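Hi,

Here is the structure I promised to pass on. Have a look, and my notes on a helix pair and some salt bridges follow below.

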Amino acid sequence: AAAINCGDEGGEFGDDLRTSPTVSMSSSAKKESSASINTLLATAPIGEQVSPDSEESKHGERVHRLLQFMAPPAPKAEKTWLRQLLRCDDEQFDKAFATAERVLASTSLTRFFDEAQYQSAANEMSIMIKGELSRIDRVVEFSDEIWVLDYKTTDFVDSRELADRYRAQLKEYCDGIVALSPNKSVRAALVIGDGQLLPINV
């Protein structure tokens, strides 16, 4: 069984999920007749599998946190507030902020971040799969399908290696979403720090 919780600032996510008895969500942020969800705090590192204490891993966490509060439906946040949120030096913040902006501005990703092009979206969706808590970086619902997105901040992209490394993880995420929204197809992709979209066949 899968259950979803979208945090204190969340909302309902899609008609199918609203009717599921396993979904527990609050209802503050809404987009017209279709609701949107804000976020839980990010915890899982993103990017390559490196030491959690490495600067590369910390950079990934910073980008992850920024996208949590910069990607809709999150309310617009001032850059000064975001800088205080990360509690890092100016160079580290500027690097992370530039990566987050690059992702949000990428034409390859427009449909996933432009509120006019989707029905609802969630940042840092917390989902219980097989009794364990997982967090999905971003879930975007369209009229005919739902996309599960996972952020990766690696600089060097070997698409086959990345696909092989994260396919099993993304399949679990997709299976969890399918259980809650069986009437829509669910697709998965990695979002790379340079703004690329890497669809993964799960």
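Start with Glu172 and Lys130: their side chains meet in a salt bridge, at 3.9 Å from N to O. Keep in mind that this is a predicted model. The pair ties together distant parts of the chain, since Glu172 sits in helix α6 (residues 159-180) and Lys130 in the loop between β4 (120-129) and β5 (132-141), 42 residues apart. How open are the two ends? Lys130 has a relative accessible area of 69% and is therefore exposed. Glu172 comes in at 35%, so it counts as partly exposed.

Staying in α6, there is another salt bridge, this one between Lys171 and Asp175, with the closest N and O atoms 3.0 Å apart. Both residues belong to that helix and are four residues apart, about one turn of it. Neither end is hidden away: Lys171 is partly exposed, with a relative accessible area of 37%, and Asp175 is partly exposed too, at 40%. Elsewhere, Arg83, Asp90 and Asp94 are joined into one network by salt bridges that share partners. In total, the structure holds eleven salt bridges, so don't take the ones in this email as the full list.

One more pair is worth a look while you have the model open. Glu55 forms a salt bridge with Arg62, and their closest N and O atoms are 2.6 Å apart. Buried or exposed, where does Arg62 fall? Its relative accessibility is 10%, and because anything under 20% counts as buried, Arg62 is buried. Glu55, on the other hand, is partly exposed at 39% relative accessibility.

Arg62 also turns up in the helix packing, which brings me to α2 and α3.

Helix α2 covers residues 55-70 and helix α3 covers residues 79-86. Their axes come within 11 Å and cross at roughly 140°. Why not call them antiparallel? That label needs an angle over 145 degrees, so α2 and α3 are oblique to each other. The crossing is right-handed.

As for who touches whom, α2 brings Arg62, Arg65, Leu66, Phe69 and Met70, and these meet Trp81, Leu82, Leu85 and Leu86 of α3. By class, that contact has seven nonpolar residues, two charged ones and no polar ones. If you want to find it on screen, Trp81 in α3 and Phe69 in α2 are among the residues involved.

Cheers

Methods
Residues numbered from 1 in each chain as written. Predicted model: local features only at pLDDT ≥ 70, side-chain atom pairs only at ≥ 80, totals over all residues. Heavy atoms only, no water. Axes fitted to C-alpha atoms, helices over the stretch in contact; angles between N-to-C directions. Helix = DSSP H or I, 4+ residues; strand = E, 2+ residues; numbered from the N terminus. Parallel < 35°, antiparallel > 145°, perpendicular 65-115°, else oblique. Left-handed = near helix turned anticlockwise from the far one by under 90°. Contact = heavy atoms within 4.5 Å. Nonpolar A, V, L, I, M, F, W, Y, C, P; charged D, E, K, R; others polar. Salt bridge = Lys/Arg side-chain N within 4 Å of Asp/Glu carboxyl O. Buried < 20%, exposed > 50% of the residue type's maximum accessible area, 1.4 Å probe, protein only.
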